[in-house]
Amino acid sequence: MLEVFNTVQLTIAPGNDNPFLHGPFEPNAREYTADTDTLKVIGEIPKDLHGIFVRNTHNQVHESIGVYHPFDGDGMLHAVHFENGRATYRNRFVRTTGFLAEQAAGRSLWPGLMAPQLAARRGWGAIGAMKDNAGTDVLCHTGKLISVMSQGSEPWRLDPITLETLGPDQNWARKVPDGLSSHFKVDPETGEMMFFNYPEHWPYMHYGIIDRNNQLTHYVPIELPGPRWPHDLGITRNYTILHDLPHFFDPEALKRGERKLGFYPDMPARFGVVPRHGGNDQIRWFEASSCFILHISNCYEDGDEIVMDGCIMPKPFVAPVGYEGKDIYERIRSRLDKHNNKTMMHRWRFNLKTGKTSEQYIDDEVTEFPVCSNDYVGRPYRYSYNILYKKGDWLFSGLKRYDLLTGQTMRYEYGEGRYGSEPQVARRIGAKAEDDGYVIVMVADMNANRSEVLVLDAANISAGPVATIVLPERMCCGTHACWVEGDRIHGEARALEAIPAA
Ligand SMILES: [Fe+2]
């Protein structure tokens, strides 16, 4: 079966030379439903692979207001549902309020990250000017996908099988007016989802919990010294780790309504360790070397210490937001190129007894988007799967696996002209070891002008894919992904034997 579910009208001007709308980033207009009875499969889809791989994408539909930034595009989810050695592929736009309004208007109504000053109407996110594109993060909780924009979205729910947009969460969306930021984390055992947001107004951050029955059970202010630009949080079994990093909009310029993202190397990074159900009064702040962090791999408790692994940017590259001019594309690319930022795997340890932080470099190769198995989130773990970057670009050239116990690494590179996205770890049915299963990633092949979903052996990624599913057309490159285990598709009912004891 191969059906076109819907086709949208792309209105990007033919002369638009923005490189983030061409080549690997060329937007798609068609939404498909197709299965492996029709799609080409190279190799064999494992029969013990059961669940749904979902990847989010900024897939721009309209000519933008101001310069298009690759984080502005309309959210489109790509999902591959694996079961019994077969797979079904779907891609769908996230039909947010903003997306539907622009569909009705036939043009952009909100500007993007590069031009919030051009907003003619109230928008969403920490800045309050952008369309809620819901194109950054995606995760499954209580049997529904949640798709959000990084600066804070309404929590857009989608059916994980059909990808039908169900709307902002009906139980709690109205109780979190500052929205849901990427990223949020689900405890695999309790089914609780921990999240944060970071408005430009006091208290500058909120922290909350949605329980396994999809009820908001906790929502507290976290006071920061001013507006910040955090991107991730970490969880352990008993704590949540929040970020206050010295990379934020220049406060003086912000008072004038200008947003100039700056890095302040003389300020330490601060990490707030808060008991899972605690608040501002119980948070303990740990200082560490100045840095910015986009993504962490995992956190866990180790005696008196909290361990946090992630990718550190000791000196993030800073270019002014709002700059207009021909070389603006080069400025965007320079900022996104992780080789400019030297983003590397790093370990922080926060000692709850002494209040001290210790740090350890894990690797000096540039990697980012570190992920571990859902079953090990918040627990001691061994393997992180990161992406490798093409130097000088915002393109992902391969995967690197870290064995954090032995220090050994393993890699798989896609080859020239082939670009991936965030991988996901899909443990096989009945898995005992952490890496007993598969790594799944979506790749755009510019040589063959097609996109593929690769299934690799998680214990031996260097061997290359055990199965490759060729998608109906080449799809715009995207970033974050999630894996929904077969037993979580209808709710937080993961088999307890799959979750390791902490
Ligand atoms: Fe992210």
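**Strand 27 and its neighbours**

Let me start with strand 27, residues 396-403, which is mostly covered, with 6 of its 8 residues buried. Buried here means 20 or more other C-beta atoms within 10 Å of the residue's own, with C-beta atoms placed from the backbone. Strands are DSSP runs of E, at least two residues, numbered from the N terminus.

This is a predicted model: local features need pLDDT of at least 70, side-chain atom pairs count only at pLDDT 80 or more, and totals for chains, interfaces and linings use all residues. Residues are numbered from 1 along each chain as its sequence is written.

Which strands pair with strand 27? Strand 26, residues 383-389, pairs with strand 27 in the antiparallel sense over 7 bridges, and strand 28, residues 409-413, does so over 5 bridges. To count as a pair, two strands need at least two bridges found by DSSP. On the strand 26 side, Asn386 stands opposite Lys400; on the strand 28 side, Arg401 has Met410 as its bridge partner.

Both connections are hairpins. Between strand 26 and strand 27 there are 6 residues, and Gly392 in the turn has a positive phi of about 85°. Between strand 27 and strand 28 there are 5 residues, with Gly407 in the turn at a positive phi of about 85°.

Now another hairpin. Strand 13, residues 206-210, is joined to strand 14, residues 216-221, by 5 bridges, and the two run antiparallel. His206 stands opposite Pro221. Of the 5 residues between these strands, Asn214 takes a positive phi near 65°.

Last, an open sheet of 4 strands has the order 21-22-23-24, with antiparallel pairing. Its edge strands are strand 21 (292-302) and strand 24 (357-361).

Note on methods:
A residue is buried if 20 or more other C-beta atoms lie within 10 Å of its own, exposed if 12 or fewer, and partly exposed in between; C-beta atoms are placed from the backbone.
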